[in-house]
Structure formats: structure tokens, C-alpha cells
Amino acid sequence: MADSIPLNPVRKNSRKTAYYNAGRPARYQIEDESSNLDEMPLMMSEEAFENDESDYQTLPRARVSQRRRGLGWFLCGGWKVLCSSCCECLVHTCRRKKELKARTVWLGHPEKCEEKYPKNAIKNQKYNIVTFVPGVLYQQFKFFLNLYFLVVACSQFVPSLKIGYLYTYWAPLGFVLAVTMVREAVDEVRRCRRDKEMNSQLYSKLTVRGKVQVKSSDIQVGDLIIVEKNQRIPADMIFLRTSEKTGSCFIRTDQLDGETDWKLRVAVVCTQRLPALGDLFSISAYVYAQKPQLDIHSFEGNFTREDCDPPVHESLSIENTLWASTVVASGTVIGVVIYTGKEMRSVLNTSQSKNKVGLLDLELNRLTKALFLAQVVLSVVMVALQGFLGPWFRNLFRFVVLFSYIIPISLRVNLDMGKSAYGWMIMKDENIPGTVVRTSTIPEELGRLVYLLTDKTGTLTQNEMVFKRLHLGTVSYGTDTMDEIQSHIIQSYAQVSSTQSNGSSASSTPSRKPQPPAPKVRKSVSSRIHEAVKAIALCHNVTPVYESRVNGASAESEGTEADQDFSDDNRTYQASSPDEVALVRWTESVGLTLVNRDLMSLQLKTPAGHILTYYILQIFPFTSESKRMGIIVREEATGDITFYMKGADVAMASIVQYNDWLEEECGNMAREGLRTLVVAKKSLTEEQYQDFESRYNQAKLSIHDRSLKVAAVVESLEREMELLCLTGVEDQLQADVRPTLELLRNAGIKIWMLTGDKLETATCIAKSSHLVSRSQDIHVFKPVSSRGEAHLELNAFRRKHDCALVISGDSLEVCLRYYEHEFVELACQCPAVVCCRCSPTQKAQIVRLLQQHTANRTCAIGDGGNDVSMIQAADCGIGIEGKEGKQASLAADFSITQFKHIGRLLMVHGRNSYKRSAALGQFVMHRGMIISTMQAVFSSIFYFASVPLYQGFLMVGYATIYTMFPVFSLVLDQDVKPEMALLYPELYKDLTKGRSLSFKTFLIWVLISVYQGGILMYGALVLFDQEFVHVVAISFTALILTELLMVALTVRTWHWLMVVAELISLGCYLASLAFLNEYFGIGRVTLGAFLDLSFITTRVFLWKVCVITLVSCLPLYIIKYLKRKFSPPSFPNFPPELSIRHCVKRHADVL
């Protein structure tokens, strides 16, 4: 993969090194790590690698910019860059952003805030009443095409420059602007209504006088806000109090991080213990919060109560926070607001929406610049041939206006109408029901995509886990043999119950003894199943939630074990990981049910209905570094202390006792797309646990290297653990995800998966969805935190060939900080890339990196609020209406209901939109160039006079009723049938090269226009030299017939509406010859030159017009016939047997 990339060692240059080291602070010179990096050949460019971090970041870019900047750079767009930079500097100077600072927030006293914080109002509007018209006009006229039309139209107010009627210039321009403004106004009104609805939501604010209702937009920092169950949290808050007796609650964060699992949040202990709600105002307390940051997964702060002796200090972390845009899932919570408005985590992670411009529009904009240059050159030639006589400058401008039809304003009208037609076709496609086009200006982008960046949860997967496999080493159980496990569990607990009923008083004594490291007597299958299921039912962080109906409303049932309703009907499980929920549901299905859990204990119900209580002594949560979680429990009945642990096979292999089956079975399950977990246990004596507890508590109180010391103490227990079982859980994919990804990959689209989930989960989904094929290796980028580690890991990665990359968000941030260009260049050569633990801002950053470094078109697809930034940053954003709401769908350019619809959306509609717009745009330009060529010939014959050949009405009619319908009917054309486009996605690769609209095809159309324009004008002058007074009618009739024949020549697949459009246009022209004959004479109507109806009905007129038309069109038809015969396109000639074989092969690959 990376062999083709030149990795050049650093060139030694003592002068350069001395120069840069001269101004370098001393702290960089003593860093051995940085100085040693020069010996590692990582650089991929010719630029030298410097030791200083800041030098490395700025030096190569500065040199590139120096090479680019010059007169050519200035004329080719540099002036625009300079102007925009100056405007940005001016805006930045006038509107300096307020520096974000840490803050002290007093509970319930907003007036004590030291600074003024932003208003808590949501604003997604682009404009206001004052800026709407200027803003829309700027967005329109910043493009050369529209600015050109404006200048030409304004020039007609000058009498000496006036060529025709004002309406011929201002009517089309006004139509385009009116349609654009109406469309923008409708969108702006919709955004305003959505914002008003969000800002008007009422919340209960706790005051000294009691509860008062307050709007979301009126909430301030320091307010105490009460949020009910299923209510959106309006601002970032610290969790002070809850109605739950456990002092904790669950929140749903799907609109923040994209994960549908509930998150557990814990109230501040000091405020939770207060007797009554009103006591929050009787204490003197404040919260110290860090400055607003992007990271939604971390928080640092302190809670202090001053009115007691000594003062109470409590550290705050992410588990004490309630971020805005999350939803309370259980109980009622009270929090103090610490961040509002623009400083909230959700707003900081949301990028501003931009006005997206399609690549085809940019290409047409460049072509219009070339046409304008040709127009100016032609005008200069005309004035030069006049000899620069008289007011030549005025004549030059008149010629520029006279040839302005080279760039027809109808180009914008036709393209905008065509895009609306494409959007209507997409929404009416029965094969992709529910699809909505929200941005009608970029349908062609669907046919030019190279990178597809997709979310995982809810997009590729349903986020519904199903337990599939239990392996005990010698026996394996699947979905069809789960009833055997259930019978073993019933039998095991029946024996335990009978033993207890016989009064075995000493049953707890042997249990307190530590088990030997290797049992000498082989356990029965029944006992092994019993131990495995019990371990799975105990080792987790799942909490059962019960819903009871009270007066028709749902409320959390509270009570002791005696009065708790443990019925299966109203129980739901909540956890931070859906894997654990799937495991607990499975244990319930086989007879061992988790019925209750709090911070200190959990209860299991046996198949016989008995409740077993286990006290939670210690719990070690899952982390990305440890890749495992553990729990120490004490059984109430026996007093046994057991340490249970489960985790990834790579982490557990060295912890469990020696075995010969774990690695092989993990590989087998991974190939099936299952997510594996290894479960183990270790029995502890009372003395062993007391010794561990003392060492563990001491490690937690240490100030320096606390995490390392805690990990070392826990690892002292993780030795020679008894391997119980291996579990396999499947995350169910969305419908037809595998064939869809296969289709996109064959189309040449590179797929990147960006997710906020764990690395192991993302890797497993990449395999099961076939995002990574079976034959490809996966390179897991090791966690890096420094420049040196990133350097070494990149060197290791570049040696891999044809492998997929899996990298975490933290490591990605380090790599982009020091090696942005190198990392992107290596990653772009991977067949697939998986980025896990990505924040919403990182997702948008990755999109922008691909746009900057590859200059290819990107598409982002997601279904949650955390995907909005990525969707808005991409060239084409697609939202899926799913379980996570409609936020992504509303912010996207296109909205679909299922991921599988993206295949048809790109392969069929993307192809048709791009091909049709390319043909339509070039044909409209051809229509303008051919009449401008006739005007040039006419002016050159008549002594280079700047007199129009055709009057204003004819020019308007030429671009509208005479040719508009046939030309616009090209939006119905298609070069490939939809079935063929889906069967052979390789055809999509040709679209990304932009061959349908390029300078080559443009020059071909220019040559055709010059040829036909010259033939039509010279033919009319030669054949009708005796009837010159009728040259307008002659040439214009031949011109209309030529355009109608050219449309027929361009069409590849006929539609009945195309034939109707041709006949209507021809009928309209013949009718105008009869009723508007005063416009077909030489000069103006006042000269009395009218069309003679008797003349156009003669045979001489008819056969001469036919000859001119045939000479202009027949050679092109002959060329098209010869090209199809000797150089046909490849796709129509696929033999049927190849198609069948191709389908069978594809089907086998997908399966």
C-alpha cells in the first residue's frame, strides 16, 4: 500500500538547522524525543523535517503558499482569497469572540455571577430581517455567472450601450432571483419556527418562593431547574438531586453522542442528602466548573459547601453532569445550570451550516469564465478590424453586450428547473419510499462521490444485540440448543433448593475456602453451565427498571424487596452497553433473572422463584485500556466471596488458566461476525479480600500516579482465574447492509466508519458488515499520546499492505496535530477506515481533511444528533430517520428511511442527475454560442457594425417557447437503465472522473457551435442573395430546425414527452411565422421590413432551408453513427452469460 509513497529521509542542512534553532526556546532543545525523530524516515514530501513542533506545522504550508503566490495565482482566484481574508480579519476585529473561562456558580443565585454569560436561546437561522436580502444577493452574485448577468443587465440603462429591450435581460435575471429568494425565505421561516418551538418549551425553576415556569430561552447560569422524566435537558447542568432513592438516574444521550443506550448519572452526595427540596436555598454552596470545552465525555469541577465546619468539598466528574440535548429517562432531577447558549457542549460540537455548491456548478462557472474571455477577445477583434475608429471603447462594450448570448442566462434557469425535476423524481421513486430531498441544489453530487463516511449505531446496525453462542470448551450451545441450558439451570437450582431444605447448616464453611487453582475432578456439564450462567448474570452494570401504572401515568416504582413488583411484564434493562443488556436478557430466558439492583447489592430470581441476594463489594468498570470489567460480590446465603471478570480475548488470555481452545474458538466466532467476551472467576477467602481492600483503598487515596497504583492492585487479583465460558453476541445489522456496502465498494467508493462506540465493537461491526472483507487484514492503531509514539506507529502502519485501519479518536487527534498530511495520505490508500470514540467535532474534522487533502467529493450519512456536524460539513449529507430522532434527517441534504436505499440513490439517481445536468448545461451553452457565431458573421459582413441580427422578442422566444421544451426534456434522458446501473456498479467509477463535463467536451461543443453558426449564416446569405430582405426569417428558421435536430441527436433514450416537446416547439414557431411576421424582417419594425407570407410558402424557400439545416446537422449524425459502430460504449455489450456469472459471484461474495 505504502510502497508507492516516497518516504524521504531528512536532508541535512546545517544552515537551515542553525537558523531555526537560533530562535527556538531552550525547552525544545532539551527534548531528546523530538531530536531523535529525525532519524526515523517518515516524511513523504520533499520538505525537510524540523525538530520544532511549530516549525513542522507551519514550514511546509508556508513554502507551498509561497510557490503558489504570483501573478498567475492572483489572476486565477488569488484576488478572491485576499479579499475574503481581509473581510474575515475585519469581521474578527469587529466581533471578537469572548474568551472562555472557568467559572464559580452559586446555587440558585444567578445575580452572583461575575460575568455575563450568553443567552440560552437556540438559533439556527442564517439571516434576520435586515440581512436577508443582502445575504441572499451576496450568495447569488459571488459567482461569476450571476455577476456577469447583473453587469450586462445594468449596462442596458445606458442609452449608448443599449442593444435591445430591457425585459430581455432583466426578466430572466429577476425570475432566477425571485425563485431563489422565495426558496430561501421558506427555509428561513421553517428554521425560525423550529427555533421558536424549542426556545418556548417551559421548565420548572426552583426559587425561594417555590416553583415558577420559565421558558428555555430565559434560563440563566446559576438557576436551579427541575426536569421531569422524558423531558429534554435545556442547558448544561450539574446533577444536584433526584427523586430516585438510589441518588442516581438514567439519561438518554442519543442526540449527543449517537448511542441509544441509557447512561447512569449520580447526584452530588451533599445535596442529595438534604431533607427537603427547599433546603437548597438554606445552604451556602457553589460549583466551580472548568471552562466550556468540546469534549462531551469528560468534566472536571468541584462542589463546595461553605456554611458548615469544616467546609464540604466534593469532586465532580462526568457522572455528575447533565448535558443539554439529553433526555431524562428515569425519575425527576434538579440541577444547577453552569453553561448556556453557545457555551453548551452540544452547541460547541455543532458546526455552522454552509451553503453547499455542487462540483458541476463550479465546473460550469469555470467554463463561463472561459466563454467570457472568448467574448472579450472576439469584441476586441471586431473593434480592431474597425481600426479603433471613433468612440472605440463604447463600441467595444457594445460588442461585449451584443455577444452576451455566448453565456446565456437561461443556463441558470434550466439548471435550477432541472435540479427541481431530479428531486421530484427521487422522491417519487417507489423503490426508495420515504426519501426526501431537502437541498435541491446539489443532486448531481450524488453521482460524483469518492468517500462515504458513515455512522455505525442506527445506520449500519439496528443496535439490537442478540445472544447467539455459549462455548464451554468441550461443548458449544447455539440458538437452537438453548433449551438444554434452561433444563440444566432448572435442575441445578432444584438440587440447591433441596440441599438447603435438608438443613445443611455447614454449607457455607467449605465455600469460604479458596478453590484450588486447577480442579482435580472434572466438573459435570450441568455444574459448568450453572457457574457460567451465574457469572454472566452477576458480572455487569445492568440495572432493571420497572414501570408501574399509577392513574394512567408511568412512574418509577419504589420500595423494598418485599413490596417490589418483580413481574416480567413491566421490567426493562438499562446499561451503558447493549452487549450487557443482551447477556442479562439471555440469562433471564434460561431461568436466572436479574430483578433488582442498587449501588450496594443485586438480586437474582431462580427458576423456582427464590430470590438470591449478592452484595457488591467492589466493581471495576470497563475501559478502552483494560478491555475488561470485573466485580467482587458476596452471596448473602453462604457468605462466599467471588471475583468475576469478563473482557476481550486479547486481555483475558493471559489472565485465565492455561487452555487450548480459547484462541481458536474466538477466531471462529469473530469470523461469524459475533462479538466475543471471555468470562472467568476466582473465589476469595475473607482474609484475601480484606488484604485486597486495604491495598485498594490506599491506592485510591494516593495523590501521584493514582490510576497506575489502582490498576496494579487490581491486577494482583487477576492471576490464574478459572475460565468459565466464551460468549458470542450479534449486533443485528440493518437490512441489506452487506450487499449495499459491496455495491458501493465495487463502485469505487471508499467507506470510512466514524463512531463514538468502543474500538472492539467498531472492529466487530466492520467485520460482520463486510466493510472489511475476509481477505483483508486489520491494523489496529495503538493508542498514542505523544509525537514520538505517533511517529513510531505511523512507521509501523506504512509497512502494511492492503489492510484496513482502525484508530481511536484520541490517537487520531495526536496524529493530525503532528503528521496531518502523512496520516491522511496513508489512510486514503486503505480499502476501509474505522475511527472509533469520535466526537461530533472530530467527525466533521475528518470530512474537512478529506476535502482539503484529496479534493474529492465526500458524503456523510448518519441518523443521530451527533452526526449533524459531519453531515453539514460533507459535500453531500444524507440523514436516516431512525430511533435516534429526526435531527440528522432534518439537517441533511437528502433523507432516507433505510441504509440500503443509498445504493439506488447513488447508482441510479446520482448518475442520471449528473449526466442529465452535464448534457443540459452544455446544450444550453451551445444554444447561446451558435447564435453568437451567427451574430459575429453578420457583423463582420456588414462592416463590423454593432447592430443586433435578431430583435429582442426573437431572442427571448429562441431561449423559451421555440427551444425550451425540447432542451429541457433532456432531464428525462438516461444512458443506462437503472437495472444495468445497479448490476454493474463499476460504471459509477467513470462519473467521478468528470468526463461528461470537461474542457474536452466543452471544446467539442464550441467547434460544433462555430461550424453550425457559420453554415447557417453563410448559407442564408449565399442561397438567398436575391431575397436578402428575408435573411432573418431564413436563418432563424434554419436555426430553430437545427436546434430541434440537435436535441434529437443528443437524446440517448427516447421518452414520449420528448416527442411531444419537439412537436409543441415546432408548432409554436410555425404559428409565430404566421402571426408575428413583423419581427422577421431586417432592421426594426419602423423601417417597414415585414415578412412576406407568400414567400415562406414557396418550394424554393423550403428546399433551401432544408439544405442549410442538413448541411449543419447531417455530418454530426454521420459521426455519431460511425462512433457507435466502431467505438461503442462498453456497458450495453455485456453478454447475458457474463451478467449471470457476475451476479452469482457477487452473491457468493456477499454471503
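Strand β28 (residues 750–754) pairs with strand β31 (residues 832–836) in the parallel sense, over four bridges. To find the register in this predicted model, look at Trp 752, whose bridge partner in β31 is Val 833. β28 also pairs with strand β15 (residues 449–454); these two run parallel and are joined by four bridges. Here Leu 452 is the residue to pick out, standing opposite Ile 751 of β28. How enclosed is β28 by the rest of the structure? Largely so, because four of its five residues are buried.

Now move on to a pair of helices. Helix α36 (residues 999–1023) packs against helix α37 (residues 1031–1050) with the axes 9 Å apart and an angle of about 150° between them. Since an angle over 145 degrees counts as roughly antiparallel, that is how α36 lies relative to α37. The crossing itself is right-handed. On the α36 side, the residues making the contact include Trp 1005, Ile 1008 and Leu 1016, while α37 brings in Val 1031, Ile 1034 and Met 1046, among others. Sorted by class, this contact has eleven nonpolar residues, four polar ones and no charged ones.

Last stop: Gly 957, which sits in helix α32 (residues 952–959). Is Gly 957 buried or exposed? Its relative accessibility is 4%, so Gly 957 counts as buried. Setting aside neighbours within four places in sequence, Gly 957 is in contact with Tyr 962 and Thr 963. There's a long-range link to look at as well: Thr 168 is 789 residues away from Gly 957 in sequence, yet the C-alpha to C-alpha distance between them is 9.8 Å.

Notes
Residues numbered from 1 in each chain as written. Predicted model: local features only at pLDDT ≥ 70, side-chain atom pairs only at ≥ 80, totals over all residues. Heavy atoms only, no water. Buried < 20%, exposed > 50% of the residue type's maximum accessible area, 1.4 Å probe, protein only. Contact = heavy atoms within 4.5 Å. Axes fitted to C-alpha atoms, helices over the stretch in contact; angles between N-to-C directions. Parallel < 35°, antiparallel > 145°, perpendicular 65-115°, else oblique. Left-handed = near helix turned anticlockwise from the far one by under 90°. Nonpolar A, V, L, I, M, F, W, Y, C, P; charged D, E, K, R; others polar. Pairing = 2+ DSSP bridges.
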